[in-house]
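Thank you all for making the time this morning. I would like to walk you through one model, starting from a single helix and working outwards, so please have the view open as we go.

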Amino acid sequence: MTAAGGDRLGRLLNLVPYLLARPGIEVAEAAADLGVTERQLREDLELLWVCGLPGYGPGDLIDMAFDGDRVTITYDAGIDRPLRLTQDEALALVVALRMLAELPGAHDRAAVESALAKIESAAGDAAADLPVAVRLPPNTTRRLADLRAAVQRGNALRLRYYSATRDRVSERVVDPMRVVVAEGHAYLEAWCRAAQGVRLFRLDRIDEHAELPEPAVVPAGAAPKDLREGIFRPDADMPLVTLSVGRWARWITEYYPCESVVEDSPERWLVSLRAVDMAWARRLVLGLGPEVSVVAPAELAAEVRREARAALAAYGA
Amino acid sequence: MSRTRTERLVNLVICLLSTRRFLTAAQIAATVPGYEHNAGDSREHEAFQRKFERDKAELRDLGVPLETGTASAFDTEPGYRIARREYALPDIHLEPEETAAVGIAARLWQHAGLAAAASSGLLKLRAAGVDVDPQATLGVEPVVTVDPAFGPLQAAARERREVRFDYRVPEEDSAMTRRLQPWGVVCWRGRWYVVGHDRDRDAARCFRLSRIVGPVALVGLPGAYRPPADVNLISYVANWGGGPPDRTGRAVVLVRPGRAAGVRRFAEHLSSDPDGDRLALGYGDAEGLARWLVGYGADVTVLEPDEVRKAVVARLQDLAEAAGEPPAVPAARGVPSPAGARP
């Protein structure tokens with residue numbers, strides 16, 4: 001896929017129609033809008049000024065009028081429209097709009113769908129029969145609509161939340177920042193007052209929520225998490241667990257972020273991953289059962305055996 | 001690109017947009033500044049031809065629809081022009097809410113190439129007079145990522161070209177080469193899949209993009225096949241590996257007071273006494289339920305039915321006996337991942 005955005009020629013061909021549509025725009029505003037520096041924009045304008053129709057006389061060249069910091073195109077030499085969308089541009093916009101159209105909330109949805117139809121029609125062949133379909137996780141849509149509305153009203157929320165890492169349900173008051181959908185789940189990103197930090201709350205683990213009669217106040221320094229590297233990013237100070245993994249438990253290497261996967265032998269893989277805490281690691285290993293054994297730390301292996309024996313005792317086995 | 005070359009190319013676009021006749025390379029050289037040369041000197045002429053070829057390629061890369069043809073039946077040399085209808089983005093009028101949606105959509109991509117394509121597409125819409133508010137928000141943002149195979153596979157599906165790729169499933173020891181006639185690419189529950197006709201299996205198959213190893217190779221010519229007319233890609237992927245399980249079984253478990261919150265969330269409370277709470281759980285597959293419950297260790301004891309009780313005891317015995325050494329013989333297949341076990 002090519003990145004046409006950085007190309008100066010493309011930018012120049014776009015610049016004339018952009019300015020034509022906005023007579024008298026401030027150079028600084030145009031530069032900010034087009035994502036270039038003011039100086040770069042002025043250089044672009046200088047270059048365009050010596051281009052034009054064959055003949056290249058005064059009446060043939062692209063012309064513009066400056067009024068202080070404002071610019072108006074007075075002659076466009078025929079490049080009065082932007083170029084059509086390329087296939088990649090159409091793909092990127094149409095697929096992203098299809099994602100948005102999947103979000104619940106009837107009001108915006110109509111706007112997204114009509115925008116999608118207009119972009120598809122303007123893109124013409126570039127968007128025709130795009131063989132890409134998207135579907136959001138189905139079970140969260142109801143709560144997603146509720147929480148999204150709550151975020152937009154800007155009030156603090158009280159959550160009853162199940163933390164899978166701690167296997168505990170707790171009540172907490174949060175100041176919502178946004179709702180994100182990533183890796184197949186929807187999350188509420190919020191400032192958690194109890195934890196004094198930005199946290200992601202998976203929507204299907206929010207058992208109840210109530211809006212409080214007070215505005216959400218997100219502390220100034222609290223920034224949304226960068227989700228490009230994934231939702232769960234292990235810290236180096238979390239305990240490292242190394243497991244010997246049999247064939248039918250190899251799926252964990254696709255499911256959890258792993259520090260290393262060594263194909264030790266055809267039947268056993270050595271998998272190292274960061275555990276949020278040892279109680280979580282114990283639940284993981286117990287749940288995986290005989291397909292997995294603990295290589296390190298030794299305490300975890302001992303704890304798993306102890307727990308299994310304690311559980312067996314209840315069965316009289 | 002040098003300033004002179006950029007200038008030459010802008011002039012070339014303007015010149016070819018303004019002409020209705022096809023202009024030959026010689027006519028272009030005589031017109032557009034930057035192509036001046038002595039056509040009688042073979043070295044100079046060759047240099048011009050190379051330059052012109054590079055410039056044409058540059059324009060085509062940018063998406064400029066360069067038309068080739070001859071001005072009349074008597075011409076032997078091909079000429080060039082740009083049809084305005086093909087060049088220009090058609091008129092597009094967006095309402096403020098639609099504009100906001102497009103602006104947000106363009107910000108969703110976390111994949112560098114598609115993010116750049118989205119923003120250059122947005123710039124074209126701006127140039128068409130659409131004013132995009134960069135602050136607009138819908139209150140919810142999907143984070144859109146794609147696997148490297150996404151680009152080539154969607155392009156192949158669009159062109160109806162067969163592809164070949166190496167595919168590795170974790171349970172298998174090595175990648176297998178697969179030949180596929182892709183019908184389309186689907187994002188389902190946060191993962192990308194390609195659906196198509198598997199040439200080796202001679203049947204419809206779907207593949208997870210994250211399991212494709214290395215590049216996707218194009219095989220054969222465009223338009224080589226036709227996807228079934230009524231194929232619904234989403235439901236194809238959704239039904240792959242069976243639909244949602246039928247939870248007709250009912251198990252009763254004893255849960256220690258205040259423990260195993262993860263089990264309680266899905267259970268119906270029956271009664272409580274000092275050793276714990278009796279809870280009822282619906283289930284489909286006894287082994288699957290056992291796997292999940294064993295994770296909670298001694299906090300959960302299965303009271304009934306027998307099939308779940310036995311499955312739990314068998315797993316616990318294996319765990320209790322494992323001396324920390326890997327078992328010599330791998331156990332039987334037990335595939336699906338537990339729902340909601342993620343940290």
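Let me begin with helix α7 of chain B, where the buried residues are B:Phe150, B:Pro152, B:Leu153, B:Gln154, B:Ala155, B:Ala156 and B:Ala157. Please keep in mind throughout that this is a predicted model. The helix spans residues 150–159 of chain B, and because seven of its 10 residues are buried, it is largely enclosed by the rest of the structure. What do these buried residues of α7(B) pack against? On the chain A side they meet α4 and β4 (132–135), and within chain B they meet β5 (162–167), β6 (176–188), β7 (191–198) and β9 (212–219). Following the helix you will find B:Arg160, which has a positive phi, near 55 degrees.

That region also carries an annotation, since the unreviewed UniProt entry lists "domain: WYL" for residues 149–213 of chain B. In the model, this span is 54% strand and 15% helix, and its end C-alpha atoms are 9 Å apart.

The packing against chain A brings me to the interface, in which 116 residues of chain A are in contact with 109 residues of chain B. Helix α4 of chain A, residues 87–101, contributes 10 residues, the largest share of the side of chain A that touches chain B. Taken by class, that side of chain A has 70 nonpolar residues, together with 28 charged and 18 polar ones. The two chains are also joined through strands: strand β6 of chain A, residues 168–182, runs parallel to strand β4 of chain B, residues 140–142, with three bridges between them. One pairing to look at here is A:Val179, whose bridge partner in β4(B) is B:Val140.

Turning to chain A as a whole, we have 13 strands and nine helices. Its radius of gyration is 28 Å, whereas a compact globule of 317 residues would come near 20 Å. Along the principal axes, the C-alpha atoms of chain A fill a box of roughly 100 × 55 × 40 Å. Of its 317 residues, 41% count as buried, and among contacts in chain A with a separation of 6 or more, 57% are between residues 24 or more positions apart.

Back in chain B, the assignment gives domain 1 (3–87), domain 2 (91–144), domain 3 (150–240) and domain 4 (249–322). How far apart do the C-alpha centres of domain 1 and domain 4 of chain B lie? The separation between those two centres is 76 Å.

For a closer view, consider B:Val302, which is found in strand β13 of chain B, residues 300–304. Is B:Val302 buried or exposed? With 26 other C-beta atoms within 10 Å, B:Val302 is buried. Leaving aside residues up to four places away in sequence, B:Val302 touches B:Ala251, B:Val253, B:Leu293, B:Val308, B:Arg309 and B:Val312. By contrast, B:Trp109 is 193 residues from B:Val302 in sequence and 47 Å from it in space, C-alpha to C-alpha.

Finally, at the start of chain B, the unreviewed UniProt entry lists a "signal peptide" at residues 1–25. The model has that span of chain B as 68% helix and 8% strand, with 22 Å between its end C-alpha atoms.

How values were computed
Residues numbered from 1 in each chain as written. Chains lettered and ligands numbered in written order. Predicted model: local features only at pLDDT ≥ 70, side-chain atom pairs only at ≥ 80, totals over all residues. UniProt positions renumbered as here; feature names shortened; annotations may be inferred. Helix = DSSP H or I, 4+ residues; strand = E, 2+ residues; numbered from the N terminus. Contact = placed C-beta atoms within 7 Å. Nonpolar A, V, L, I, M, F, W, Y, C, P; charged D, E, K, R; others polar. Pairing = 2+ DSSP bridges. Rg over C-alpha atoms; globule rule 2.2 N^0.38 Å. Buried ≥ 20, exposed ≤ 12 C-beta atoms within 10 Å, placed from the backbone. Domains from an automatic or database assignment.
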